[in-house]
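Below are some notes on the model, written for a colleague who will work from the coordinates. The points go from single residues to the whole chain.

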Amino acid sequence: MTTISTPAAAAPPHDWAGDYARFAAADQQAPLGAEDLERWAVAAHLIGEDDQLVALRERAYRQYLDRGLTEQAARCVFWIGFHLGNAGQHAQAAGWLERLRRLVDSTGTGTNPDPHLAAMVRLADAVNLMQTGRASVALPMFDQVTTAAQAAHDDDLFALAVLGRGGCLYELGRSSEALAALDEAMVLVVADLVAPPIVGLAYCSMVGLCMERFDVQRAGEWTRALSGWCDAQSGMVPYRGVCQVHRAEIFQLRGAWTEAASQAVHVSELPPADGWIAGAAHYRLAELHRLRGRFDLAERSYAAAGARGQEVQPGLGLLRAAQGNPGAAMAGLERALAEQADLSKRAPLLAAVVQVALATGDVAAGRSASVELGAGAAAIGTPYLTALAAHASGLVALAEDDPRTALPPLRRAWALWQQVDAPYEAARTRVQVGNACRALGDDDAARMEVDAARTVFEQLGASSDISALAAFDGTAAEQGHPLSARECEVLALVAQGHTNRAIAAKLFLSEKTVARHLSNIFAKLGVSSRAAATWYAYEHGLV
C-alpha cells in the first residue's frame, strides 16, 4: 500500500476565492482571454460555483478555435464533457464528446489524428462505457489511455485513466487490484502533480471504494492527507455530494458526531436532481439521531431517506428493535437481505440480523447470520468487518449462555475497533465483555469494562446506551438487596417503562429469558406487579 502523506502543496495558501473575484472583476472591465477564462473556470469549480464552469470553458474553447489552437480547444471540450458527465447530464456530455471527436479527427495527417488528443477521446468513451455498466469493455481502453498519457507526459490524463481503471476493476469484482490502481493515482495527488479538480475526484473515488469495502483506516488516512492539501487552498469547497456523505460517515465512526451531522445536513438540502445523494445524507442523519436516542427525529429522517430512494436498512430495523418491535425490525432486514447479493453490502445487514434475532430468542437465526458474516469478513479481510463479525460471534455465545466462549471474540472485536478508531463500537463491545465477565462471577472486571464504556457513551451523547447501563452504577451491592447484577439491569429498564420485548432488544436476550429474570425479581422482592417492582427500584436507588 502507498505510504500516505500530506500533499506537497506546502507553499503559501492559494486563494481560490480571491482568484474568482479578481477574474470576475477583470472580465467586467474587458473580456478575458482564453487562458484566464480557464483559470477562472477552475477557481469557480473549486469554490463551488459549478454552474458557471461550462459557460467559462465554452468561451475559452471558442477563443482557442479562433486562434487556431486546436489542442487547447480540445482540452476545453474534454473538460466540459467530463464535468457534465460527472454532474449526471449525460445527454449534454455526449454532445460535447462528439464535438471533441470532430476536433481530434481534424488534427494530425490523413486518418491518423494526434495520438495525445485521440487518447482524450478514448478516455471520454471509456468513462461513458464504465458509467453505463460496461466495465469489461472500458477497462482495456483505460489501459490504452495510461500508455498514451505516459508517452505524452500528461499527468492529468494519466491520473484520470488510472482512476477509471480502478473503477472498472471494482465493478468487475477485483477490489484489491482496484485499490492498488487508485493508490497509483493518489501518488500523483500527494506529489501535487495534477490539476486541482482531479484531486477532489481522486479523493472521492478512493474514499468511496474504501467505504464500500469497509476499509475505514485507509479512508481515514486519505481524508487526513487531503485535509492537509485543502489547508493550502483558501476558499476551496473540496467535499461535495456523495463525497461529503462519506466524510460524514467517517466523522461518525471516529466519534465526531456533531461534525458528522453538520456535513450530512448540508448535503440533505441538495435539490431534487441530486435526490439519491440527499437520501444518503438523510440516512446518515437518521443514524446519528438513533444513536443519540432521538427516535422521533430518526423516524423522520429515515422516511426522508426512503422517499429519495435510499435503502433505510439496517438503520430502520435497529430503530424498530429499540422501539420494542423486533418483528418489524426482522421483516425489514430480511427484505433488504433478499434484495442484496453484494457481500460488502450484506455485512451490516447481517450484523443487525444477529442483534435482532437474538432479541427475539431466535438463536438459530442469529447464529446463521453470524456464520455468514464471519465468512464475508474473512473474504474481504478488513479490520472493520472482522471486528463486526467477532462482535456478532460473541453475542451469539452470550445468548447461548456460554460466556467463556464469548470472551475471546469480544476482546478481539474490541481491539480491532480500537485499531480503526471507532470509539462507539468499541464501547458497545466492552459492555458485552462486561456481561460475559459478570456471568463468570468476575464482578470487578465487569464493572471496569462497563464504566469505561459509560464514559465513552457520555462523551458521545449516546443516551440510549447510557440508559441501558443504569444497573451497573454500583448501588446494588451497597444496598444489600437480593438481586443479581443482571436482574438489576432488567429491573432498571422495567422501571424506565420498557416492555419485555424492548428490554430483550437492548440486552441482546430473548423475551423468554427476560420473562424468567422478571419472575425471579418478583419472587426475590416479594412483589407481584411491574408497578411494585418499579417502586422498589426507585426506593433502593436502582434507576
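1. Ala364 belongs to helix α19, which covers residues 363-380. This is a predicted model, and that applies to every point below. Is Ala364 buried, exposed or partly exposed? Its relative accessibility is 48%, so Ala364 is classed as partly exposed, because that class ends at 50%, above which a residue counts as exposed.

2. Ala364 can also be placed relative to a residue elsewhere in the sequence. Between the C-alpha atoms of Ala364 and Glu400 the separation is 9.9 Å, with the two positions 36 residues apart along the chain.

3. Glu425 sits in helix α22, residues 423-439. What is the nearest side chain of opposite charge to Glu425, and how far away is it? It is Arg428, at 6.3 Å. Glu425 is buried and has no salt bridge; the distance criterion for a salt bridge is 4 Å.

4. The contacts of Glu425 are worth listing for anyone checking its surroundings. With neighbours within four places in sequence left aside, Glu425 is in contact with Leu253 and Trp417. Trp417 is also among the residues with the most contacts inside the largest nonpolar core.

5. That core, the largest nonpolar one, holds 129 residues. Besides Trp417, the residues with the most contacts inside it include Phe78, Leu100, Leu123, Leu373, Tyr384 and Leu385. Which helix gives the largest share of this core? Helix α18, residues 343-359, does so with 11 residues.

6. Leu100 gives a local view of the packing. Not counting residues up to four places away in sequence, Leu100 touches Ala74, Val77, Phe78, Met120 and Val121. Of these, Phe78 is, like Leu100, one of the residues with the most contacts inside the largest core. A further core of 21 residues lies apart from the largest one; Val490, Ala504, Val514 and Ile521 are among its members.

7. For the chain as a whole, the secondary structure consists of 29 helices and two strands. The C-alpha atoms fill a box of roughly 100 × 45 × 40 Å along the principal axes. Of the 543 residues, 55% count as buried. Among contacts between residues at least 6 apart in sequence, 59% join residues at least 24 apart.

8. The last point concerns surface and charge. The protein chain exposes about 22800 Å², of which carbon and sulfur atoms supply 52%. There are 46 positive and 60 negative charges, and the mean positions of the two sets are 4 Å apart.

Note on methods:
Residues are numbered from 1 along each chain as its sequence is written. This is a predicted model: local features need pLDDT of at least 70, side-chain atom pairs count only at pLDDT 80 or more; totals for chains, interfaces and linings use all residues. Side-chain values use heavy atoms; hydrogens and water are left out. Helices (H or I, at least four residues) and strands (E, at least two) are DSSP runs, numbered from the N terminus. Buried means under 20% relative accessible area, exposed over 50%, partly exposed in between (1.4 Å probe, protein chains only). Contact means heavy atoms within 4.5 Å. Accessible areas come from the Shrake-Rupley method with a 1.4 Å probe; for residues, only the protein chains shown count as cover. Lys and Arg count as positive and Asp and Glu as negative; His and the chain ends are not counted. The place of a charge is taken as NZ of Lys, CZ of Arg, CG of Asp or CD of Glu. A nonpolar core is a set of buried Ala, Val, Leu, Ile, Met, Phe, Trp, Tyr and Cys residues joined through side-chain atoms within 4.5 Å.
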